[in-house]
Each structure stands twice: as C-alpha cells, then as structure tokens.
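Visitor: I'd like to go through this one with you and ask how the labels are earned. Could you show me what we are looking at?

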Amino acid sequence: MDIQTIGIVGAGQMGNGIAHVMALAGYDVKLTDVSEDALRAAIEIIDGNLERQVNREKISAGDKAAAMARIQTTTTLTDLGKSDLIIEAATERETVKQAIFEDLIPHLKPETILTSNTSSISITRLASRTDRPEKFMGFHFMNPVPVMQLVELIRGIATDEETFKACADVVEKLNKTAASAEDFPAFIVNRILMPMINEAVYTLYEGVGSVKSIDSSMKLGANHPMGPLELADFIGLDTCLAIMNVLHDGLADTKYRPCPLLTKYVEAGWLGRKTQRGFYDYRGDEPVPTR
Ligand code: NAD
C-alpha cells in the first residue's frame with residue numbers, strides 16, 4: 001500500500017514530533033487535538049525545531065518551508081478520515097484512545113491503516129475494538145521524535161503482513177530504524193529500560209548510593225549517556241511509575257514491583273523536569289540532587 005497522507009491524533013510532546021518528521025519526509029500531515037492551544041503550541045514547537053535544524057545546516061530553509069506547508073491542523077477528528085495511515089498519539093488512557101477510534105472509524109477508507117503510539121496499552125485489545133484488527137498495529141516512537149533513531153513496530157495478534165510492511169516502509173522513509181516487537185507489556189525498550197530505572201530508585205531508597213553517585217556510576221561505569229535518575233526525570237516519574245505498574249500487572253512477577261520511593265515522588269507531584277522537581281531540582285541555574 002502506498003502511504004501519502006498521515007493523520008496524527010494528539011498534538012502533545014509526541015504528536016508534534018511525529019508531525020515534524022513525517023512532514024520533513026514528504027508526507028502530507030493532518031494533525032488534530034481537542035485543544036486549540038495544543039495545536040497552536042505544536043506548530044510553534046515544530047517551527048522552532050525545524051529552524052534549529054536549518055541553523056545546524058541539517059536541512060535547508062526550503063525543506064523547512066515545504067515541511068511546514070505539508071502540515072494542516074484541525075480540531076475536528078473526522079477531518080482525518082481520508083488519511084492512508086492514522087497514528088494515534090493522544091493521552092495515555094485506554095478510554096480516550098478507544099473513543100478516538102470509535103469516532104474515527106465510520107469516516108475511514110476501508111484500506112486505512114490504524115496505529116497507536118501507546119507505550120503500554122495492549123495493541124491486540126485496542127485492535128479488537130475496531131473494525132480492522134488486521135490493519136491495526138503499534139507505531140511506537142521514542143522521545144524526542146526528531147532525534148531518536150528507533151521506532152518499535154508492534155504487531156497485534158491479528159495484524160497482517162501487508163500492514164506491517166507498509167508501516168516498516170514509512171519508518172525507512174523517515175531514515176529511522178524499525179524494531180519489530182511482539183505485543184507484550186511495554187514491548188522491548190521500556191521492558192528493559194524501566195526495570196533498570198526502577199532498580200536505580202531502589203539503590204537510592206536503600207541508601208546504596210546518592211542521586212549523584214548512582215548517575216555518575218552508570219555514566220562513567222556503564223557508558224550510558226545519561227544517568228538513570230536524570231533519565232527518569234526527563235521521561236517523567238509518573239510515566240515511569242505507570243509503565244512499572246503495567247509490567248507488574250501484565251506479567252504478574254514481583255521483580256517488577258515499583259519502588260516505594262518512586263511512588264512517593266509521584267505522590268508529591270515531583271514528576272521530574274516537567275514540574276521542575278524530581279530526583280533533581282531544576283528551579284535554579286544548575287540541577288541540584290533532591291537526595
Ligand atoms: P501529551 O500529554 O504531551 O499529549 C497528549 C495530547 O493528546 C494532548 O495535547 C491532549 O490535548 C491530546 N488529546 C487528549 N484527548 C484527545 C482526543 N480525544 N483527541 C485528540 N487529542 C486528544 O502526551 P505525549 O507524551 O505526547 O504522549 C502521547 C502518546 O504517546 C501516549 O500514548 C504515550 O504513551 C505515547 N508515548 C509517549 C512517550 C513520551 O516519552 N512522552 C514516548 C513514546 C510514546
């Protein structure tokens with residue numbers, strides 16, 4: 001199937017990044033959100049990020065202008081009906097995603113491929129509530145989308161080969177690399193990454209190391225570009241906790257038990273960079289460890 005038009009639902013952190021890379025690769029993009037403000041902010045962010053790429057001579061001013069011209073925004077979900085591929089990147093709540101697919105389906109072409117950027121919800125379960133489980137799959141970008149090379153492609157139990165191939169071709173056109181993952185909790189990257197972050201929080205909780213010593217140990221001792229606690233703050237501690245809960249519930253193994261200290265930070269509203277406080281305090285000029 002030849003994909004030319006891409007509908008993106010949700011213009012948040014991930015949706016705007018996906019719109020950016022798709023438009024730059026030459027796809028016509030329709031971006032929708034329930035919030036006018038989110039759409040306005042997304043266009044500003046995409047413009048700023050493309051401008052940075054122009055300044056670094058990664059793309060030309062003409063490439064930027066052409067990409068911006070390929071993005072249309074709308075608050076009407078059903079305007080996405082004519083798209084060849086839909087990527088849902090709305091808030092990580094199953095009821096929200098289910099309602100989006102229900103509202104969209106009567107307006108879609110029979111051949112439209114439906115995908116979700118979900119980090120943790122079962123693709124098979126989302127697919128089973130649509131009219132096209134064979135044309136449904138997970139299209140999981142990493143954050144920040146314009147920078148990260150990987151896209152996990154997740155087959156639901158019913159996903160057909162043609163759908164997988166069409167999505168893999170899109171990833172290739174983006175100059176990114178696809179990893180094929182089966183539909184089990186948290187897929188590949190988060191299945192491995194989150195237990196490591198959770199273990200780093202246990203290491204802090206048990207007093208084995210301080211925030212600083214844990215992060216520098218993993219940076220200098222394991223060659224990680226960021227320490228696990230610094231990375232947790234970047235991802236969002238609420239997101240880390242939610243993914244640990246998905247692993248714990250979905251795999252029913254105590255090795256995925258979220259660290260009580262992670263829960264405590266989330267209860268305090270110390271969610272990392274986005275709230276200016278997590279394992280580090282970002283309110284001053286330099287991040288300062290909070291433990
Ligand atoms: P976000 O909160 O930044 O953005 C979500 C957007 O969805 C908001 O702008 C919100 O207004 C919009 N939205 C909510 N309900 C909607 C609806 N019914 N119709 C249209 N828009 C609606 O969230 P995000 O971080 O961009 O995450 C989006 C998805 O991407 C989630 O499924 C998340 O699991 C996944 N994801 C996130 C990351 C990450 O690091 N943030 C990485 C990979 C995947």
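Visitor: What makes H7 and H10 roughly perpendicular to each other?

Guide: The axes of helix H7 (residues 189-205) and helix H10 (residues 237-251) cross at roughly 110°. Angles of 65 to 115 degrees count as roughly perpendicular, under 35 as roughly parallel, over 145 as roughly antiparallel and the rest as oblique, so H7 and H10 get the roughly perpendicular label. Those axes are lines fitted to C-alpha atoms over the stretch in contact, with angles running from 0 to 180 degrees between N-to-C directions. One caution: this is a predicted model, where local features need pLDDT of at least 70 and side-chain atom pairs count only at 80 or more, while totals for chains, interfaces and linings use all residues. Residues are numbered from 1 along each chain as its sequence is written, and side-chain values use heavy atoms, without hydrogens and water.

Visitor: Which residues of H7 and H10 make the contact?

Guide: Contact means heavy atoms within 4.5 Å. From H7 you get Asn-190, Arg-191, Met-194, Pro-195, Ile-197 and Asn-198, and from H10 Cys-240, Ile-243, Met-244, Leu-247 and Leu-251. They divide into eight nonpolar, two polar and one charged. Here Ala, Val, Leu, Ile, Met, Phe, Trp, Tyr, Cys and Pro count as nonpolar, Asp, Glu, Lys and Arg as charged, and the others, Gly among them, as polar.

Visitor: And why is H1 called oblique to H2?

Guide: Helix H1 (residues 13-24) and helix H2 (residues 36-55) have axes that come within 9 Å and cross at roughly 50°. That angle falls in none of the named ranges, so H1 is oblique to H2. Their contact includes Asn-16 and His-20 of H1 and Ile-45 and Asn-49 of H2. Its residues split into six nonpolar, four polar and no charged.

Visitor: How many aromatic pairs turn up in the whole structure?

Guide: Six. Rings of Phe, Tyr and Trp (its six-membered ring) pair if their centres lie within 6.5 Å; planes under 30 degrees apart are stacked, over 60 edge-to-face and the rest tilted. Tyr-202 and Tyr-205 have ring centres 6.1 Å apart and planes at 70°, so they are an edge-to-face pair. Both sit in helix H7, three residues apart, about one turn of the helix.

Visitor: What is unusual in the loops?

Guide: Most residues other than glycine have a negative phi, and most peptide bonds are trans. Glu-57 has a positive phi of about 60°, and lies in the loop between H2 and helix H3 (61-69). The bond from Asn-143 to Pro-144 is cis, with omega near -5°.

Terms used. Helices (H or I, at least four residues) and strands (E, at least two) are DSSP runs, numbered from the N terminus.
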